[in-house]
Amino acid sequence: MLTLPNLLSFMRAPLALLFLQKNIPLRLLALVAAMLSDFFDGYLARKKQTISRFGSVLDPAMDKFFVYFTLSIFYFEGNLRLSEA
């Protein structure tokens, strides 16, 4: 089901791909856009009463994809190190 809130959730995938560029302002813009899309997709779904089972799975899946993808980029660039306990 393609509703506006679901499209906003899907938008986080291409925003994560912007982290492949080593451009800090572009990465910051992607991060802010991802945060705003995460806020507005839930807000619009509740306000327009377009909450769906698909959207309730899609939203956290896209959140996790964005976070894991960006953390992976930082790790492979050497900007993030895993501690050895």
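This is a short talk on one helix, the aromatic pairs and the largest pocket of the structure above.

Please keep in mind that the model is predicted.

I'll start with helix H3, which runs from 24 to 47. H3 has 24 residues, and at 1.5 Å a residue they should span 34 Å. The C-alpha atoms at its ends are 34 Å apart, so expectation and model agree.

Which residues of H3 are buried? They are Arg27, Ala30, Ala34, Ser37, Asp41, Gly42, Leu44 and Ala45. You may notice the spacing in that list. An α-helix has 3.6 residues a turn, so residues three or four places apart point the same way. What do the buried residues of H3 pack against? They pack against H1, H4 and helix H2, the last of these being 12-17. After H3 comes glutamine 49, and its phi is positive, near 55°.

Next, the aromatic rings. A search of the whole structure finds 7 aromatic pairs. One of them is formed by phenylalanine 39 and tyrosine 43, with 6.0 Å centre to centre and 10° between the planes, and this pair is stacked. Both residues lie in helix H3, 4 residues apart, which is about one turn of the helix. Tyrosine 43 has 37% relative accessibility, so it counts as partly exposed.

Compare that with tyrosine 75 and phenylalanine 76. Their ring centres are 5.4 Å apart and their planes are at 70°; the pair is therefore edge-to-face, because planes over 60 degrees apart count as such. Are these two residues buried or exposed? Tyrosine 75 is partly exposed, with a relative accessible area of 39%. Phenylalanine 76 is at 70% relative accessibility and so counts as exposed, since the cut-off for exposed is over 50%.

There is also an aromatic cluster, made of Phe19, Phe66 and Phe74.

Last, the pocket. The largest pocket holds about 180 Å³ of space. It is lined by 15 residues, and those closest to its centre are Asp41, Ala45, Gly55, Ser56 and Asp59. Asp41 and Ala45 have already come up, among the buried residues of H3.

Which helices supply at least two residues each of the lining? They are helix H1 (4-10), helix H3 and helix H4 (53-77). By type, the lining has 8 polar residues, 4 nonpolar and 3 charged.

To close, H3 is the thread through the talk: its buried residues pack against H1, H2 and H4, it holds the stacked pair of phenylalanine 39 and tyrosine 43, and it supplies at least two residues of the pocket lining.

Definitions and conventions
Residues numbered from 1 in each chain as written. Predicted model: local features only at pLDDT ≥ 70, side-chain atom pairs only at ≥ 80, totals over all residues. Heavy atoms only, no water. 1 Å grid on protein atoms, 1.4 Å probe; cavity = no way out; pocket = protein on both sides within 12 Å on 5 of 7 lines; lining within 4 Å. Points joined across faces, edges and corners; volume = space filled by probe spheres on them. Nonpolar A, V, L, I, M, F, W, Y, C, P; charged D, E, K, R; others polar. Phe/Tyr/Trp six-rings, centres within 6.5 Å; stacked < 30°, edge-to-face > 60°. Buried < 20%, exposed > 50% of the residue type's maximum accessible area, 1.4 Å probe, protein only. Expected span 1.5 Å × (residues − 1). Contact = heavy atoms within 4.5 Å.
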